[in-house]
Amino acid sequence: MFKEIFENVRQKSPLVHNITNYVTVNDCANMLLACGGSPIMADELEDAVEITAICGGLNINIGTLNQRTIPAMFAAGKRANELGHPVVLDPVGAGVSTLRTETALGLLKEVEFTVVRGNISEIKTLALGSGTTKGVDADVADKVTEENLTGALSFAKDFARRTGAVIAITGAIDIVTDGERTFCIRNGRPEMSAITGTGCQLSALTAAFATANPDQPLEAAAAAVCAMGLCGEIAYQRMTNLDGNSSYRNYIIDAMYRLTPAELERGASYEVR
Amino acid sequence: MFKEIFENVRQKSPLVHNITNYVTVNDCANMLLACGGSPIMADELEDAVEITAICGGLNINIGTLNQRTIPAMFAAGKRANELGHPVVLDPVGAGVSTLRTETALGLLKEVEFTVVRGNISEIKTLALGSGTTKGVDADVADKVTEENLTGALSFAKDFARRTGAVIAITGAIDIVTDGERTFCIRNGRPEMSAITGTGCQLSALTAAFATANPDQPLEAAAAAVCAMGLCGEIAYQRMTNLDGNSSYRNYIIDAMYRLTPAELERGASYEVR
Amino acid sequence: MFKEIFENVRQKSPLVHNITNYVTVNDCANMLLACGGSPIMADELEDAVEITAICGGLNINIGTLNQRTIPAMFAAGKRANELGHPVVLDPVGAGVSTLRTETALGLLKEVEFTVVRGNISEIKTLALGSGTTKGVDADVADKVTEENLTGALSFAKDFARRTGAVIAITGAIDIVTDGERTFCIRNGRPEMSAITGTGCQLSALTAAFATANPDQPLEAAAAAVCAMGLCGEIAYQRMTNLDGNSSYRNYIIDAMYRLTPAELERGASYEVR
């Protein structure tokens with residue numbers, strides 16, 4: 001199934017509009033190109049709305065949030081909804097500050113998201129209206145483990161049902177659910193968290209996958225999460241004892257550039273619950 | 001001839017002011033350093049005008065355009081004109097949105113550009129006042145091929161004469177013309193389009209080449225286009241079957257760092273029409 | 001001693017808030033992760049103040065300065081002071097423009113900095129209220145050499161005493177002083193200056209080291225300067241005759257990721273005066 005989903009990405013070359021942070025934006029653009037998509041970035045209100053209209057999908061990422069770009073996020077999100085375009089939300093740092101938490105909650109209220117992808121701390125903040133986020137990485141106390149997996153699954157499914165969005169919680173074990181069916185994904189490497197923006201890249205990737213597979217948002221999001229994790233595994237095999245997080249970043253994007261739909265199908269490690 | 005032009009860049013180490021997008025700005029800075037130039041970025045009105053004055057050249061790139069930076073582009077452009085500094089325009093996404101198209105057209109009207117570099121869709125938008133740009137990449141229908149080359153040449157020459165700027169249209173075949181003489185350049189690799197910002201990097205490079213060769217804007221722009229394409233070829237030879245667009249990006253900048261003026265002279269693939 | 005200092009960074013994983021330029025921000029984030037720290041970036045006034053409070057340290061870098069982020073710098077700096085967090089200033093381009101010079105001087109007046117790190121031209125600008133900075137690189141006439149080292153040391157010590165901050169002047173020879181004791185450091189490679197943002201990365205690193213070693217700001221800053229230079233040396237050994245400044249950038253961050261406290265202790269090249 002993931003084979004067909006990825007083939008659609010490669011064949012349709014979805015044009016994805018990203019309103020995103022300036023820390024990891026270059027990597028998001030190269031990751032979109034690597035998977036076969038095409039990126040465009042515009043964050044000024046009038047520009048963003050118009051550019052959303054010529055794109056196939058929208059990725060909203062609230063890192064380095066500011067008052068100038070917030071209205072662009074709301075307006076582009078609503079425009080994408082009108083046009084029936086898939087919209088992804090990456091609530092970077094929700095729970096860290098009032099501005100980020102309130103913007104994310106406001107977006108969730110006014111925009112219909114196809115997929116919301118974050119770490120467990122960020123998603124908890126959105127679901128509960130408060131969080132324990134430590135910086136932009138998931139709080140240790142929050143981590144999804146084999147022990148608390150059942151509870152995390154039921155939390156994620158509940159939030160998916162309430163929002164109508166596919167919820168993707170990524171970490172050591174990834175959870176992707178639409179409230180009915182849930183993918184538990186075990187691709188990836190812990191070393192990926194030593195690279196800035198692997199989460200941001202995954203959100204951009206998810207937007208491309210959802211755009212190329214408009215009728216299968218759950219499967220598209222799960223395929224994107226598997227693809228990112230699998231590329232993390234492939235890239236890790238390439239690491240020498242001189243390589244660190246900077247080369248690893250390059251190798252992961254390279255791996256996505258080289259990944260075939262058949263390899264994704266074979267390498268995806270998940271169970272459906 | 002390109003040997004001397006590149007030697008001037010290496011020897012004079014031109015300081016280039018860039019008002020550019022936040023997606024590819026890091027690569028532009030490293031590309032400028034790789035060619036022997038020196039980058040500075042400032043996009044706040046008062047800062048930009050003052051910094052333009054201490055630089056040798058200016059590169060204006062309208063990606064991730066916003067209301068705060070637009071006045072800085074106009075003011076810095078005019079200041080550079082007063083000082084006789086070369087100014088390059090990269091109309092990223094002209095034709096995609098009203099803001100980008102109108103800003104690019106406004107800049108062309110109020111600032112005297114030494115070189116305008118874009119893909120065929122962007123340049124057509126500027127010439128015709130409308131475009132068919134698909135995102136930030138050239139529209140397929142617009143692509144310059146051997147079949148439509150004569151028409152594209154005459155279009156480019158006409159636009160160069162009307163604007164007084166050297167026009168550089170880059171794609172599978174690159175066209176660089178001042179309206180009288182035209183370089184048709186066949187350096188480069190199609191895989192370069194899978195890297196975000198190779199066009200932006202080329203515009204920054206062109207600004208460095210034009211700054212170090214103030215009396216030869218046409219030759220400087222053509223040399224920069226050849227150098228970028230040649231580095232794309234050299235870097236491609238280095239690619240292993242694990243490398244993708246992210247490593248390719250690094251290798252192209254590396255190749256520029258290593259490129260000698262004599263190698264550029266030998267490797268440049270062009271005809272003058 | 002540097003061994004223990006670096007061990008503290010690895011063990012405490014300091015969360016560092018960066019208000020920094022968009023040119024080199026991604027490299028700063030990856031460098032912070034490479035050393036064992038954790039980065040967060042926020043530059044909008046209300047967001048920045050709140051995020052400073054949940055972090056352990058603050059790094060203020062004035063590259064690509066604008067009117068929106070200046071108030072965030074002042075407010076976050078004051079908040080960090082109230083909380084007793086280490087604050088680092090990187091006065092990128094002070095002396096180049098009025099906005100940068102005045103912002104840096106204003107910050108020095110209103111915020112108590114733990115460390116100020118810049119090149120000799122930038123630090124001279126701050127000390128003398130005027131400068132000869134050529135772009136964002138140190139002016140040749142300013143360079144610290146064996147010949148003028150004694151004078152530079154006395155200048156740096158004087159400025160450290162006046163400001164109460166540790167002053168780190170980096171170049172061919174690095175000077176790190178609190179006005180009483182001075183580290184003269186000879187780690188590093190001249191080729192590092194062909195990479196954009198090695199200075200910015202060092203400032204971010206210094207913030208992480210100072211945050212993890214709150215009672216030893218002088219030693220923390222000196223250790224960070226040695227670590228950066230040592231990684232430049234280690235990474236240089238890895239360079240092939242195809243590699244240039246872009247791969248070198250990756251290799252330096254990789255080297256920091258791999259560097260052990262014991263290697264830093266052994267490789268640090270300095271004398272205390």
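## Where chains C and B meet

Let's start at the border: two salt bridges link chain C and chain B in this predicted model. One of them pairs C:R100 with B:D47, whose closest N and O atoms sit 3.1 Å apart. Polar contacts show up here as well, with 22 residue pairs found across the interface.

Which helices of chain C each supply at least two residues to the side that touches chain B? They are α5 (98-110) and α10 (245-258). Helix α10(C) gives the largest share, five residues. Sort the residues on this side of chain C by type and you get nine nonpolar, 16 polar and seven charged.

## How much gets covered

In terms of contacts, 32 residues of chain C touch 31 residues of chain B. Together the two chains bury about 2,700 Å², and 48% of that is on carbon and sulfur atoms. Over in chain C, the residues that lose the most area to chain B are C:Y22, C:V23 and C:N245, which together make up 21% of what that side buries.

## The sheet in chain C

Now for chain C itself. Nine of its strands make an open sheet with mixed pairing, and the order is β2-β1-β3-β4-β5-β6-β7-β8-β9. At the edges are β2 (38-41) and β9 (270-272), each pairing on one side only. From one strand to the next, the twist averages 15°.

Zoom in on β3 (residues 57-61) and β4 (residues 87-90) of chain C: these strands run parallel and are joined by four bridges. Here C:N61 is opposite C:D90 in β4(C). Helix α4 (residues 69-83) of chain C lies across β1 (15-19), β3 and β4, running at about 155° to β3(C).

Note on methods. Residues are numbered from 1 along each chain as its sequence is written. Chains are lettered from A and ligands numbered from 1 in the order in which they are written. This is a predicted model: local features need pLDDT of at least 70, side-chain atom pairs count only at pLDDT 80 or more; totals for chains, interfaces and linings use all residues. Side-chain values use heavy atoms; hydrogens and water are left out. Two strands pair if DSSP finds at least two bridges between them. Axes are lines fitted to C-alpha atoms, for helices over the stretch in contact, and angles run from 0 to 180 degrees between N-to-C directions. Contact means heavy atoms within 4.5 Å. Buried area is the accessible area (1.4 Å probe) that two parts lose on being put together, summed over both. A salt bridge is a side-chain nitrogen of Lys or Arg within 4 Å of a carboxyl oxygen of Asp or Glu. A polar contact is a pair of N or O atoms within 3.5 Å; within protein, one must be able to donate a hydrogen and the other to accept it, and residues adjacent in sequence count only if both atoms are side-chain atoms. Ala, Val, Leu, Ile, Met, Phe, Trp, Tyr, Cys and Pro count as nonpolar, Asp, Glu, Lys and Arg as charged, and the others, Gly among them, as polar.
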